[in-house]
Amino acid sequence: MNVNPSKAAASVEHQGVTVYFCSQGCAAKFRASPEKYAPAKPDATPSHPAARTEPQGEYTCPMHPEIKQMGPGSCPKCGMALEPREVTVEEANPELADMTRRLWISVALAVPMLALMVSAFLPSMPMQHLFSAKVWAWIEFALATPVVLWCGLPFFVRGWQSIIHRSLNMFTLIALGTGTAYFYSVVATVVPQIFPALHRGAGGQVDVYFEPAAVIVALVLLGQVLELRARSQTSGAIRALLGLAPKTAKRLDDKGGEADVPLDQVQVGDRLRVRPGEKVPVDGTVLEGHSSVDESMISGEPIPVEKDKDAKVTAGTVNGTGEFVMRAERVGADTLLSQIVKMVSEAQRSRAPIQRLADRVSAYFVPAVVVSAIVTFAVWYFAGPQPLFAHALVNAVAVLIVACPCALGLATPMAIMVGTGRGARAGILIRNAEALEVFGKVDTLIIDKTGTLTEGKPTLSSVIPQPGIDESGLLQLVASLERSSEHPLAAAIVKGAEAKKLALTNVVGFNSTTGKGVKGTVSGKQVAVGNAELFRDLSVDPAPLLDRAEALRKEGQTVMLVAIDGKAAGIVGVADPIKDSTPDAIRELKAAGLKIIMVTGDNATTAKAVADKLGIEFEADVLPQKKAEVIKARQQNGSVVAMAGDGVNDAPALAQADVGIAMGTGTDVAMEAGGITLLKGDLRGILRARHLSKSTMRNIRENLFFAFVYNAVGIPLAAGVLFPAFGLLLNPMIAAAAMSFSSVSVIGNALRLRTTKL
């Protein structure tokens with residue numbers, strides 16, 4: 001029994017597939033013992049390649065992503081061929097192969113009938129003189145029957161399914177049009193005597209319409225083949241990404257031996273060798289060696305990135321001239337490349353809000369077309385010229401064929417699929433179609449400071465000792481103390497001291513006070529590093545250091561006061577430098593009409609220093625949980641807000657924003673919460689994403705315009721509106737060609753997005 005998903009009483013998830021039920025009772029029985037009712041899954045690894053006659057896996061409809069089934073087939077709602085949910089490197093398409101085979105057979109059989117029709121318009125009518133009208137009718141019957149009943153069988157099956165599921169679609173109209181013309185012609189050929197004398201010509205023969213029926217099937221098949229080929233190109237971006245991953249990796253054993261192993265056998269912790277020119281097999285860290293790696297597949301930038309010990313490398317990127325050994329840290333579905341493929345696949349199956357317009361129109365469109373065809377038939381039969389029935393039938397069939405709404409349904413999903421694929425190639429990952437649509441309307445951009453505007457990696461900026469104290473000696477004592485701390489600022493100080501080749505010593509009695517600082521004994525001296533509160537706790541006067549400390553804060557530095565043996569000894573300043581690309585990106589974003597606000601948890605002095613350098617507004621001392629409230633307040637004032645961030649603490653704000661933009665250099669949590677992810681972490685990617693959004697939405701509006709105008713013009717022409725004034729009628733075969741190529745034109749327009757410059 002078939003159940004319309006939109007009208008199902010219940011649904012159950014089973015082995016990754018949604019099963020729909022006509023009643024709650026049936027659903028309860030299925031839940032109790034699904035293996036009793038669900039067909040067994042095919043063996044994923046058959047013993048012989050021939051054991052699998054067609055691709056399996058989950059398939060879904062590009063226009064109705066809620067439709068899912070195991071293996072290929074057609075959508076019960078729109079009749080379109082289902083596509084694999086997970087794209088593979090191989091481009092095998094059983095639907096395309098089947099439609100192509102049917103197309104060539106239909107062309108071979110329809111061409112003689114088309115030649116007979118053309119002969120009738122020649123002065124001598126050469127072919128008509130070869131046989132009588134009755135014999136020609138039987139010849140056409142023999143030629144048209146396999147074309148209509150076998151080559152066109154998928155259209156009749158889909159048309160019937162559309163009636164059963166109460167979801168009328170383009171195949172409803174095709175089946176009605178070609179079926180009516182064919183079966184009328186069959187009756188006229190087999191038993192012409194049942195027709196009134198008014199409908200019979202010379203010799204008592206009734207006019208037949210085998211040629212239009214067969215040629216329409218051939219033309220619709222041509223349109224389907226062109227459409228399926230074009231649709232396969234929309235997955236080209238994912239297929240290209242999948243092709244980036246190597247098939248094998250060179251794994252090293254404990255004895256130094258090396259062996260090529262399939263990629264799916266690589267485990268976390270394995271040591272892998274990557275030679276010059278090879279692709280990095282999995283995500284990991286360089287253990288030894290040096291090279292430059294082409295990371296354009298994730299950043300969009302062609303300049304290779306230098307990689308030394310402890311540097312991160314990503315699966316699918318291409319190694320340069322050097323060689324290195326890496327440790328595998330993310331394998332299989334956990335690699336960034338796999339996550340990109342998954343995200344792009346899900347985005348391509350999502351639905352943009354603008355799609356609702358096409359859905360609402362389509363729900364009423366097909367019934368309206370059927371009514372139009374009936375009215376057309378009636379008007380021509382009762383008020384048209386002779387032969388009445390022939391004119392009425394031909395024009396009604398033309399209305400049914402020309403009005404197929406496939407172009408209308410394809411307008412949005414095709415543009416979304418191509419647009420998200422184009423973004424992936426430029427390092428812009430779109431999580432869903434709604435984010436892509438809304439982003440073009442954003443007028444306010446809220447940006448986190450650390451890791452978004454800045455590098456996110458604090459560095460030692462200032463060491464200012466009091467008179468009589470050596471700068472290197474002061475830094476050596478501070479770094480030795482901070483080496484025992486886990487604070488990110490402490491790590492920056494230690495790294496700065498190591499860069500100066502200072503020898504660090506051990507600490508005795510290390511103590512850390514949250515929110516104040518650290519203290520301990522280094523080389524026999526009592527050293528304390530922290531803020532003024534720590535100084536007061538230790539009865540140390542911070543006054544000699546405060547003015548200089550405030551000056552450094554105004555420059556954007558985070559300042560720590562240093563005391564040695566109970567006396568103020570100096571200041572250490574740590575800064576998170578602004579990214580080189582940030583100033584230019586901010587200027588371009590402001591030029592694009594965006595209002596930019598920096599929201600940070602830093603103190604007002606440091607935040608103001610950064611904001612002033614960039615010429616933007618700011619809000620300081622904002623706790624992580626308060627960032628979402630800042631965004632909500634802007635939204636309540638009517639702003640369409642995008643939030644760009646990279647940390648775990650940014651996730652609530654990214655979710656609250658109309659569009660969350662996660663910087664790919666940040667945490668996985670931020671990437672999960674964001675609607676858009678910029679893999680490179682460069683703010684200029686926001687401009688590229690905004691341009692992609694506007695280009696995609698413009699493409700969708702163009703597609704919808706073409707589809708609406710096509711039907712608005714085509715239906716009246718097919719109905720014969722020009723006949724009274726000009727004597728012009730739209731032949732059903734021309735209507736079929738126009739219908740097929742309207743769908744192909746919409747897909748072709750969507751494919752232009754692949755070359756959009758970002």
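Colleague: Let's start with D98: does D98 count as buried or exposed, and at what relative accessibility?

Modeller: Keep in mind that this is a predicted model. With the cut-off for buried set at under 20% relative accessible area, D98 counts as buried at 18%. Its salt-bridge partner R101 is partly exposed, with a relative accessible area of 45%.

Colleague: How far apart are the closest N and O atoms of R101 and D98?

Modeller: They are 3.0 Å apart, and the rule for a salt bridge asks for within 4 Å. Both residues sit in helix 3 (residues 94-119), 3 residues apart, so about one helical turn separates them.

Colleague: And how many salt bridges does the rule give in total?

Modeller: The count comes to 22.

Colleague: Which parts of the chain does the salt bridge between K627 and D448 tie together?

Modeller: K627 belongs to helix 22 (residues 624-636) and D448 to strand 15 (residues 444-448), so this pair ties together parts that lie 179 residues apart in sequence. The closest N and O atoms are 2.8 Å apart. As for accessibility, K627 is buried at 4%, and D448 is buried too, at 6%.

Colleague: What about R273 and E258, where do they sit?

Modeller: Their side chains meet in a salt bridge at 2.8 Å, N to O. R273 is in strand 8 (residues 271-274) and E258 in strand 7 (residues 258-262), so the pair links distant parts of the chain, 15 residues apart. E258 is partly exposed, at 33% relative accessibility.

Colleague: Which residues are linked with E258 in a network of salt bridges?

Modeller: R273, R275 and E323 are linked with E258 in that network.

Colleague: Let's turn to helix packing. What describes two packed helices?

Modeller: You give the angle between their axes and the distance between the axes. Here, helix 12 (residues 388-402) and helix 25 (residues 684-719) pack at about 170°, with their axes 8 Å apart. Angles over 145 degrees count as roughly antiparallel, so helix 12 is roughly antiparallel to helix 25.

Colleague: Which residues of helix 12 and helix 25 meet?

Modeller: On the helix 12 side you'll find N395, A398, V399 and V402. From helix 25 come Y710, N711, G714, I715, A718 and A719.

Colleague: How many residues of that contact are nonpolar, polar or charged?

Modeller: The contact of helix 12 with helix 25 has 7 nonpolar residues, 3 polar and no charged ones.

Technical notes:
Residues are numbered from 1 along each chain as its sequence is written. This is a predicted model: local features need pLDDT of at least 70, side-chain atom pairs count only at pLDDT 80 or more; totals for chains, interfaces and linings use all residues. Side-chain values use heavy atoms; hydrogens and water are left out. Helices (H or I, at least four residues) and strands (E, at least two) are DSSP runs, numbered from the N terminus. Buried means under 20% relative accessible area, exposed over 50%, partly exposed in between (1.4 Å probe, protein chains only). Axes are lines fitted to C-alpha atoms, for helices over the stretch in contact, and angles run from 0 to 180 degrees between N-to-C directions. Angles under 35 degrees count as roughly parallel, over 145 as roughly antiparallel, 65 to 115 as roughly perpendicular and the rest as oblique. Contact means heavy atoms within 4.5 Å. Ala, Val, Leu, Ile, Met, Phe, Trp, Tyr, Cys and Pro count as nonpolar, Asp, Glu, Lys and Arg as charged, and the others, Gly among them, as polar.
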